[in-house]
Amino acid sequence: MKIIALLSLLFLAGCSPDSAPTRTPEQVSLGFFHAIYVERDVNKAKQFVNEPMKEVLSHYYIASAVQRHVLNLSMTEVTMQIEEIDIDFFRKFTDDVTVIVKMQGLKGGEAWIDDRTIRLHKIGSRWEITEVLLEKGNLN
């Protein structure tokens with residue numbers, strides 16, 4: 001009887017979910033921009049990016065410098081939403097996606113709408129931001 005109880009316990013322990021929840025590309029993208037524009041916390045933003053991007057973020061150190069030099073868009077009072085993502089039903093079969101995040105806020109004290117496109121790569125079950133793509137212009 002003890003053997004059955006022990007085997008049952010091992011089986012249940014093996015079936016328990018991972019301690020870290022899997023984030024979708026949308027959650028990773030919004031989490032990154034929220035950390036930079038709303039919380040203004042570069043260290044918090046680093047959890048959403050790969051190692052080379054972590055080095056870039058570490059170089060600029062503060063959120064306003066990341067906004068200015070990495071994202072090329074300094075804004076305050078920002079709200080954001082996913083504008084477009086290049087995957088849909090088949091997302092479990094792809095390891096690279098591009099996400100466009102639309103941001104609304106104030107730039108130089110005036111209302112501003114703009115977007116930023118980022119590339120994500122899936123490693124195992126974890127999505128990471130690998131690149132901020134160059135933008136063509138604003139939406140104003």
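Is A111 buried or exposed in this structure, and what is its relative accessible area? In the predicted model, A111 lies in strand β3, which spans residues 110-123. The relative accessible area of A111 is 63%, and because the threshold for exposure is over 50%, A111 is classed as exposed. The C-alpha atom of A111 is separated by 9.5 Å from that of M75, a residue 36 positions away along the chain.

A contrasting environment is found for T117, which is also placed in strand β3. The relative accessibility of T117 is 12%, and T117 therefore counts as buried, the limit for that class being under 20%. Beyond its neighbours within four places in sequence, T117 is in contact with T98, V99 and I100, as well as with E131, V132, L133 and E135.

Strand β3 is joined to β4 by six bridges, and the two strands run antiparallel. Within this pairing, I118 is positioned opposite V132 of β4. The two strands constitute a hairpin in which two residues intervene between β3 and β4. In the turn, G124 adopts a positive phi of about 65°.

A positive phi, of about 55°, is also taken by N72, located just after helix α5. Helix α5 comprises residues 63-70, and its buried residues are A63, A65, V66, Q67 and V70. In an α-helix there are 3.6 residues a turn, so residues three or four places apart point the same way. The cover over the buried residues of α5 includes α2 (25-37), α3 (42-45) and α4 (51-60), together with strand β4 (126-132).

The nonpolar interior was examined next. The largest nonpolar core contains 30 residues, and those with the most contacts inside it are F32, F33, Y37 and I129. Two or more residues are given to this core by each of the helices α2, α3, α4 and α5 and by each of the strands β1 (76-85), β2 (96-107), β3 and β4. The greatest contribution to this core is that of α2, which supplies six residues. In soluble globular proteins, nonpolar side chains tend to be buried together.

The surroundings of F33 were considered separately. With neighbours within four places in sequence set aside, F33 is in contact with V38, L71, M80, V101, M103, R116 and I118. One of these contacts, I118, is the residue that stands opposite V132 in β4.

Conventions. Residues are numbered from 1 along each chain as its sequence is written. This is a predicted model: local features need pLDDT of at least 70, side-chain atom pairs count only at pLDDT 80 or more; totals for chains, interfaces and linings use all residues. Side-chain values use heavy atoms; hydrogens and water are left out. Helices (H or I, at least four residues) and strands (E, at least two) are DSSP runs, numbered from the N terminus. Buried means under 20% relative accessible area, exposed over 50%, partly exposed in between (1.4 Å probe, protein chains only). Contact means heavy atoms within 4.5 Å. Two strands pair if DSSP finds at least two bridges between them. A nonpolar core is a set of buried Ala, Val, Leu, Ile, Met, Phe, Trp, Tyr and Cys residues joined through side-chain atoms within 4.5 Å.
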